[in-house]
Amino acid sequence: MVLAVILGFWGLESYSHSASYALGRSFWDIAYYDLQLFVLGAAPLDNPGPFPWPLQVARFLAPAATIYALFEAGRAVFASEWQRLSQRRRTGHTIVVGETPIADAMVDGLRRNGLVLRATAGDAESLRDAGIAGARFVYACADDRDDSSVNVLVAATARQQARTKKAGDLNVYAHVSDPAYALALRARHLSQPVTGADFFNIDELAARELVRQEAGSFRGGEPLVVVVGLGPFGQAIVVELARMWQVSARADEKLVVVLVDRDAEAVERDLQRRWVAVAETCELRPVADLAEVFRTPAMPTPHRVYLCHEAEEEAVRAALTMPALWQGGERSVVVRLDRLSGLADVLGGGDGSLLDDVEGRLQPVCVGKFVVGADAGKAERIHEDIYERLAQLIHHNYLRHELKKGNAMGSAPAMVPWEDLAEDYKQANRAQARDIGNKLTAAGCTVAPRTGTGVELGDDPLLETLAEQEHERWRAERTAQGWTRGEQRDDEAKHHPSLVPWERLPEEEKDKDRAVICEIGEVLAHCGLEIVRLTPVR
């Protein structure tokens, strides 16, 4: 195109000196006629000629450049439309909605398991363009700080879209930044038959994963942790530490947790009221200022200091400027990052690091990357819906009771953490969790976020009926697995003496089913929920 302009101007300028040339001869006239070559309309070419050779070349080269430009523009438009139509026809892929650090981490982590398409908006048209008809997973991770329901609406919109026959079930997971709202949404989902859908909070998932990894680090000395900043991540850390402590070898001791926040006293009361594990295992000490913690005489060295400020700059500043925090040894100072997650890449002990990490004492945790990150398998944590979480807490409750009886971890096949539990035990817990909604409905009850005023099914007139229902559910489950009645329990041969109707069941076995019903409220409390009665007791 540039060559055509140069040759055209050269040729027109030469032609302007010929006797047959009767049009304008100024620079601007020649420039104007030169540009007309590209649209086959230059006035000098109306003359019969002859034309100088540069003009002869330009009169063909310029239209060719125009045709090529039109072709490229059409190809670009067609390619974009073809890509859009192609995406609509895809199957088995993942759609991530949003432009947030969490969405970025989801895309980076999940693309290792297959195709991931990004949808910046969650409206029906954008989802269709991203291939919602054939997608397998949708993760709604838009910024919900101003509109707490934006991702909930994306999930609802995704569920309403038409599906191709070969696509299979659609799994939808919506991020909700407000943990109380996320819990309320999960409560309303408990009695629904829909699977593959949930409302998750990234701070809670990151806290759970972090505490799970650090479960064996609290060995010697007085058990003490400091949690600075009591937003969603800080509170989730306290709850997960309490749950971990309930089934630890030191469960007979109190875990001392120093809460540092301007609203620490109010948060302490709320944590004690809402979470049974915290009330049972933790000694909470609220203070308003971090410096006050280390002014305490004979202050023992904390096992961990969790810097969980909502303003991440404060967490980074405290980690780098307060040497008193560095006394706990390797990875003892945890710094929560999200928007500033790039800082994690400049901290380290290697030659390529911009800043040292105080000999391994600083542990930056980027909540989005920590839950998914480079390990796409971690996304399974997000897939733990309300039923899966209740199944885990049913097992957690079982471990608590057995440990109180003096049965040590590892003393029986079921006396192990959930991660190490055999699959048949997990399935039994999941089946029990899925029936909780049915039992609550039968009792005229439902669930709501815990306030400490919930009812207990142990006092319900329907206790006997619910216990019988639980036994028949268990019997049907075992029968479907190939178990039969035998005088003695034999797990290898799948014989069990309790595989009989309720009327023939010994009283001590009936008590086990009654205990299951009585413990529903306890299990729900560990999930932050309580039983609420909808119909009056008769």
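In this predicted model, six helices, H15 (386–404), H16 (423–434), H17 (436–442), H18 (463–480), H19 (507–518) and H20 (520–526), each contribute at least two residues to the lining of the largest pocket. The volume of this pocket is about 1,400 Å³. Its lining comprises 38 residues, and those nearest the centre are Tyr-398, Gln-432, Trp-474, Arg-478 and Val-516. By residue type, the lining of the largest pocket holds 15 charged, 14 nonpolar and 9 polar residues.

The second largest pocket encloses about 810 Å³. It is lined by 32 residues, with Arg-212, Met-244, Val-247, Pro-417 and Glu-419 closest to the centre. Two or more lining residues come from each of helix H8 (202–213), H9, H15 and H16. Of these, H15 provides the largest share of the lining, with 7 residues. Here the division is 14 charged, 12 nonpolar and 6 polar residues.

Helix H9 (residues 232–246) also carries Arg-243, a residue that merits a closer look. Arg-243 has a relative accessibility of 8% and therefore counts as buried. Leaving aside residues up to four places away in sequence, the contacts of Arg-243 are Trp-275, Ala-277, Arg-389, Leu-393, His-396, His-526 and Cys-527. Arg-243 further belongs to a network of salt bridges that links it with Arg-208, Glu-240, Glu-384 and Arg-389.

Side chains of opposite charge can pair when their charged atoms come close. In this model, the count of salt bridges comes to 36. One of them lies within the network just described: Glu-384 and Arg-208 meet through their side chains at 3.6 Å, N to O. This pair connects distant parts of the chain, as Glu-384 sits in the loop between helix H14 (367–371) and H15 while Arg-208 belongs to helix H8, 176 residues apart. Glu-384 and Arg-208 are both buried.

A further salt bridge joins Arg-304 to Glu-214, with 3.2 Å between the closest N and O atoms. Because Arg-304 is in strand E9 (residues 304–307) and Glu-214 is in the loop between H8 and strand E6 (224–228), this pair ties together parts 90 residues apart in sequence. Both Arg-304 and Glu-214 are buried.

The salt bridge between Glu-125 and Arg-128 offers a local example, its closest N and O atoms being 3.0 Å apart. These two residues are 3 residues apart in helix H5 (residues 124–129), so about one helical turn separates them. Glu-125 is partly exposed, at 36% relative accessible area, and Arg-128 counts as partly exposed at 33%.

Technical notes: Residues numbered from 1 in each chain as written. Predicted model: local features only at pLDDT ≥ 70, side-chain atom pairs only at ≥ 80, totals over all residues. Heavy atoms only, no water. Helix = DSSP H or I, 4+ residues; strand = E, 2+ residues; numbered from the N terminus. Buried < 20%, exposed > 50% of the residue type's maximum accessible area, 1.4 Å probe, protein only. Contact = heavy atoms within 4.5 Å. 1 Å grid on protein atoms, 1.4 Å probe; cavity = no way out; pocket = protein on both sides within 12 Å on 5 of 7 lines; lining within 4 Å. Points joined across faces, edges and corners; volume = space filled by probe spheres on them. Nonpolar A, V, L, I, M, F, W, Y, C, P; charged D, E, K, R; others polar. Salt bridge = Lys/Arg side-chain N within 4 Å of Asp/Glu carboxyl O.
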